[in-house]
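Biologist: Please take a close look at one chain of this model for me. Start with how far the predictor trusts it, then go into its rings.

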Amino acid sequence: MEQTRFRSILVATLLTAALVFSMSGCGAAPQRTFRVGIVSPSAAYEPIIQSFKDGLAEYGYIEGEDVIYIYDGPLPTNKILHQLQQFGTDKVDLVLTLSTSTALAAKQILANGSIPVIFAPINNPLHAGLISTMREPGGFMTGIKAGGYVEKELDWLLRVKPSIRQIYVPYNPYDVGVAEDFQHLKDTAAKLGIILVETKVTNSGELSSALAQMSGDVDAILLLEDTTSLEGIEQISKFAIERKIPLASINKDNSKAGALLSYGPDFSDVGRQCARLADQIFKGIPPGTLPVESAELHLNINLQTAKAIGITIPDDLLKAAETILR
Amino acid sequence: MQLSLRTRLTILLLVAAIAPVLIVGIIAINQTSNSLSSQAITAQNEVARRVAIQVLNYIERPQNQMEQLIKVREIQKLPRQELLNVFNDLMSFSNIYNTISLSDRFGNVIASVSRSQMTSSGETIPNMRNRIEFETPLSTGQIYYGDVIFDEETGNPLMYLSMPIINLTTGEVQSVLIAQLKFKTIWTLMNDASIDGQSVYLVDTNNIVIAHANPSIVLQRTSFKHPDQGTRTIGLSGTTVIMGIAPIGLTTENDFYVVSELPINQALTLSFNLMLIVGLALGFTILVTATFSLWQTRQITRPIENMAKIATALASGDLSARVTVASKDEIGTLGQTFNQMASDLQNILTGLENRVTERTVELENQSVELELRSRQLLDSNINIQKRATQFETIAAVMRSVASVQNLESLLHQITEMISTRFGFYHVGIFLSDNANEYAILSAANSEGGRRMLARGHRLKIGQVGIVGNVVATGKPRIALDTGADATFFNNPDLPETRSEMALPMRSGEQIIGAIDVQSTTANAFTEDDVSIISTLADQVSIAIQNSRLFEANQKALAESEEISRQNVRHEWARFSKFRTSIGYKYGVTGSKPLTSELENTEASQALESGMPQWAQKAGEAVMAIPVSIRGEVIGVLNVRTPGERHWTQNEADIVQAVADRVAISAENARLFEETQRRAAKEQTIGDISAKISSSINLESVFRTTMQELGQLMPGTEIIVEFDDEDRSPKRS
C-alpha cells in the first residue's frame, strides 16, 4: 500500500515533468478557415486577385486550409449581383470587390454589414459614396484608392510627345469612377488646349468598332481605368502601334501588352495591400476602422513600342520610370 | 494538527534540500533575466538607432539634393522650363518628393512639379505668402523642416522642406525652394526593419505615428506616447515589449523618434529559454532531491512505522510480533533492542499470566467459597428475616391479643396473620367445648376452612385427626404426606395439603384447643416453625383466656351495673316517697316545687327513652333533657321558652351538662340523706346495743330491747319469743 503510493507519486512527478517538457514545444492554436468571396467584372483585375492570394499566403493563410476563395472568374453585371447575394446568403467571412460599380453593388446588397468588404482599386471611394472618410471609412467597407492620376498620365504622355493635340479616349460612361476620371481629364485637357476624342464603349465589340472608326487626326490614345478598354488592351496597343501613335494606359501590365507608357497603380501592389487589410480584418479589426489606403503610382515605359512607333523617350522620363520594357 | 513523523521529516528534508536550490535558482534566473532584459533593451535601442540613421539619411538626402540644386545648378538663375526639367529630374531621381516648387521672395511660384498634377500648371498655384513653409526660411534664412501633415486626399503623411536661396551679394533671401516630402517612402524602411516580430516605427513630436510597416496605423494617425528611453513597457500593439528609442534631430535634437519594439516573449527568448533550462534543471534537481528525500525519509520512517505497528500489535496483545531488522545502522540497533524488549516483555507477561492464572484459580476458589458463604449468609439472612417475620408475627399477634377483645375476631386475625407471614395456605384454630369432648373449629383463613366453619366442623378429642390427638395429648404433632399420616390428607375441603402441623393451646394445665397449620408443600414444617407457632399458640391461649376472662368480667360488670341501676331506681323510688314535691319549676317569678306531674309529652318521652327531646310547639320551644345516674333516668330537665326558637347544639350541650351535674348533685344529696339516715340508724342501734350490753340479765336485756324499740317505733307491738330445742325463737 505504502509502496504503491510512493510509486504513484514518483510516476506522477515524472509525468508532470515530461508534460512540462512537451508543453514547451507546443505552438499556437490553429486558426479557423476563412471563406473569401471575390467579385470581379473584368479579367483585367486578375493580377490583383492573384497578388491578393499571394499576399494572404505570405501572411500565413494557406489556401484550402486557412482560407477558401470563392471566385467564379469575371462576371457580367447581373451575375455580379447574384454572386453578391449568394455571398450574403452563405455568410462568407470577407468579400473582395473589384471596380467601383462592383463595390457599390456590394454596399447595397450586403448592406446589413455583417460581411466585411474590401474594395479595390477605386478611383475615389469618398465621392462614390462608399466610405465616410479616408481615415475612418465607417461601415463594413474599406479598401484601396487608386485614382486621381489621369492628369499626371496626360502629363507623361505630353512629355513623351509634346506635339499631341488630339487624344482618343474610349471609356464606359456608365462606370461612375471612369466617368469621373474622364471628366477630370477633360477639364485638364481643356486648360491645355488639347482635344479629347471621346468614345463611349461598353463591350469589346463596340471597342473594335470604335477603333475602326477612329479619326486619323488623333495623335495619341489614352486609356482610363475602364474595364472594357483594359480588357482590350492588346487590341488597342496593336492598333496604336499600327497607327504609330502613343498609347498611354494605367498600369504596368498594359505596358507589357504594348502600351507605350502607363501611369497608375501596380495591381500586384494593390492585391497585397488588400491582403494586408484582409489579414487585419481576419484578426478582428472592424473594416470601418481601417483607413482606406492609396495605391502607389508608377510610370512604366515600353521602349519596344516607342521604337515601333518611332518615338524617342526623353531621359528624364526614363529616369522617372519604374519599369522600362526594352 | 499533529503531522506524522514521515510528513515532518519529509517537509524538513524537502525544505532543507530544495529551498537553497530554489533560492539560488530564483536568484540566478532573476539576475540572468535582468541582464538579458538589459541586453534586449540595448539591442532594441541599437535597432532604433540604426533605423534612425537610415531615416535621417533619407530625410537629409533631399536637403543635400536641394542644396546641390541651389549651389551647383543655381536653379534660381535657370529659366522656368529648364527649372521644371530640373525638378522633374529630381522627382524622377527620388520618389521622396511629392512636389517641388520655387517661389520668389514675394511668394510667387516660379515653377512647380507635382507627382500627381500637370507639370505645366504651375502658374495656377496660389501665392505662397503667409505659408509657414515659405515665410520661415524667408524670414530666418534657415532651412525649414515643417511639421508632419497628412494629405487630405490620400491621408499620407507629408512634410515640407524649405530652403532659402540667398543672394550672395545682398545677403537677402531672393527665393525659396520648397519640397513636399513623402514619408510614405520611409514606410519601406520601417517595413524592412520590421521583421520577425520586430516592429519599428517613426513618431513625430506630437506622438503621432508617421511611419509604420502597417500603413493603417499611420493612416489612422495613431498616437503613441513613447518613453524617453528604452525600457520594458507596453508597446504600440498593446502587449508587453522591449522597446528601444532613438531620437532624430533635424532642426532640433528631437524632431522624430524611431521606436523599435519587440514582444517580450521574443525579445527575451534567450532569457526565457535560459530560464526554461534553469527551471528544468531546477525542477529536475528538485525532483531528484525530492525523490531522494522521500526515499531517505522512507528509509528512516519505514522501520520506525514498522516498529510502531509492531508496538501496536504488542499493545493489542500479540507478543510474538517482532520487527524485521534489515540494517545494521542505528535503526537496526533500535530494532534489535526493540525485539529484545519485546521478548523480555513477552517473558514477563508470560510469567505474569501464569501468576495471574494461579491467582485466578485461587480467586475462583475463594469466590466459590465466598459464594457458598454468601449463600449461607443469605440463607441465614433469610432465616433471620423469616425469624424476624415470625417474631413480627408473634409481636403482631401479641398486639392483636392486647388490642382485640373479641375472641372470634382475634382468632380470625391470628389465622390470617400466620398464614400470610409463614406462607401456609391453611391455618385453623380449634377450641375444646365445655365438655372437653370435641375440638370445634373456631377460626380459619382458607376457603376450605371457612366452609368447614360454616358447617360447624368439629373433631372428637382423642379420636379424630391430629387435632383431636393433640388436644387430647397436649403434644404438638406434624403429619407428613407419607405412610399412615397420608390418611389425614383426605379432607375434601383442603385437598392440596401435603403437610400438617397441630400445636396444643394451653391455659395452665388445661388444653383449651389447638392450632392447625397445613401446607401445600411436603415436609414444610421445621423445628423453628414448631417452636414459633407453639409460642404463638401459647399467646393465643393467653388471648383466649384473657378474652374469656374479659367476657366474664364484662358479664359481671353488666350484672353489677344492672344491680346498681336497680338500686338507684329502688333508692330513688323510695327516696321519692318521702318527698312532698316531685320536682321544681323555675320561671321569671322564681322557683317553686312541683307537686304533680306536668302534662308534658317531651318530658315523658325523655323519661322513658333516656334520650333528649326537642319540640317546637304552638307558641313555645321545648327541650327535655333526661337526668341520669349510672344509666338510670331519675328525672327530666324540662326547658321551655315562648315563641319560636331553634335550640342550638351548644345550648343542648349546656343543658345536658347541667342535667349531668344535677344528677350527680341529686345523687349526692340523696346519698347524703341516706347516709345521715343510716348514721342515725346506726346511732340508734348503737345506743340500743350499748344499753343492752349494759344489762346483765336476760330479762333486763329483753326489756331494754323492747323499750328502745318501742321508743324507736312508737305504736308498734314488740314480742320476743324463745324457742325450745324443737321450736323456733319466741316472740315477745
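**Chain A up close**

Modeller: Chain A averages a pLDDT (the predictor's confidence in each residue, from 0 to 100) of 85, and 90% of its residues score at least 70. This is a predicted model: local features need pLDDT of at least 70 and side-chain atom pairs 80 or more, while totals for chains, interfaces and linings use all residues. Residues count from 1 along each chain as written, chains are lettered from A and ligands numbered from 1 in written order, and side-chain values use heavy atoms, without hydrogens and water.

Confidence changes along chain A. It is lowest in helix H1 of chain A, residues 2-24, with a mean of 50. It is highest in strand S1 of chain A, at 94. Helices (H or I, at least four residues) and strands (E, at least two) are DSSP runs, numbered from the N terminus. Over residues 19-30 of chain A, pLDDT stays under 50. For that stretch the model has three contacts (heavy atoms within 4.5 Å) beyond four places in sequence.

Now the layout. Chain A is divided into two domains, with bounds from an automatic or database domain assignment. Domain 1 of chain A takes residues 34-146 and 266-297. Domain 2 of chain A takes residues 150-264 and 299-325. Their C-alpha centres lie 28 Å apart. The two domains also touch: 18 residues of domain 1 of chain A are in contact with 17 residues of domain 2 of chain A.

Next, the rings. Rings of Phe, Tyr and Trp (its six-membered ring) pair if their centres lie within 6.5 Å; planes under 30 degrees apart count as stacked, over 60 as edge-to-face and the rest as tilted. By this rule there are ten aromatic pairs over all chains. One of them joins A:Phe34 and A:Phe282. This pair is stacked, at 4.1 Å centre to centre and with 10° between the planes. A:Phe34 lies in strand S1 of chain A (residues 34-39) and A:Phe282 in helix H12 of chain A (residues 267-282), so the pair ties together parts that are 248 residues apart in sequence. A:Phe34 and A:Phe282 are both buried, where buried means under 20% relative accessible area, exposed over 50%, and partly exposed in between (1.4 Å probe, protein chains only).

A second pair joins A:Trp156 and A:Tyr263. Their ring centres are 5.9 Å apart and their planes meet at 55°, so this pair is tilted. A:Trp156 lies in helix H6 of chain A (residues 150-160), and A:Tyr263 in strand S10 of chain A (residues 261-265), so the pair ties together parts that are 107 residues apart in sequence. Both A:Trp156 and A:Tyr263 are buried.

Back to the stacked Phe pair. A:Phe34 and A:Phe282 form one aromatic cluster together with A:Tyr61.

Last, look at helix H6 of chain A, where A:Trp156 sits. Eleven of the eleven residues of H6(A) are buried, so the helix is largely enclosed by the rest of the structure. The buried residues include A:Val150, A:Leu154, A:Leu157, A:Leu158 and A:Val160. Among them are also A:Glu151, A:Lys152, A:Glu153, A:Asp155 and A:Arg159. A:Trp156 is on that buried list too.

To trace it yourself, start at A:Phe34 in S1(A) and cross to A:Phe282 in H12(A). Then find A:Trp156 in H6(A) and cross to A:Tyr263 in S10(A).
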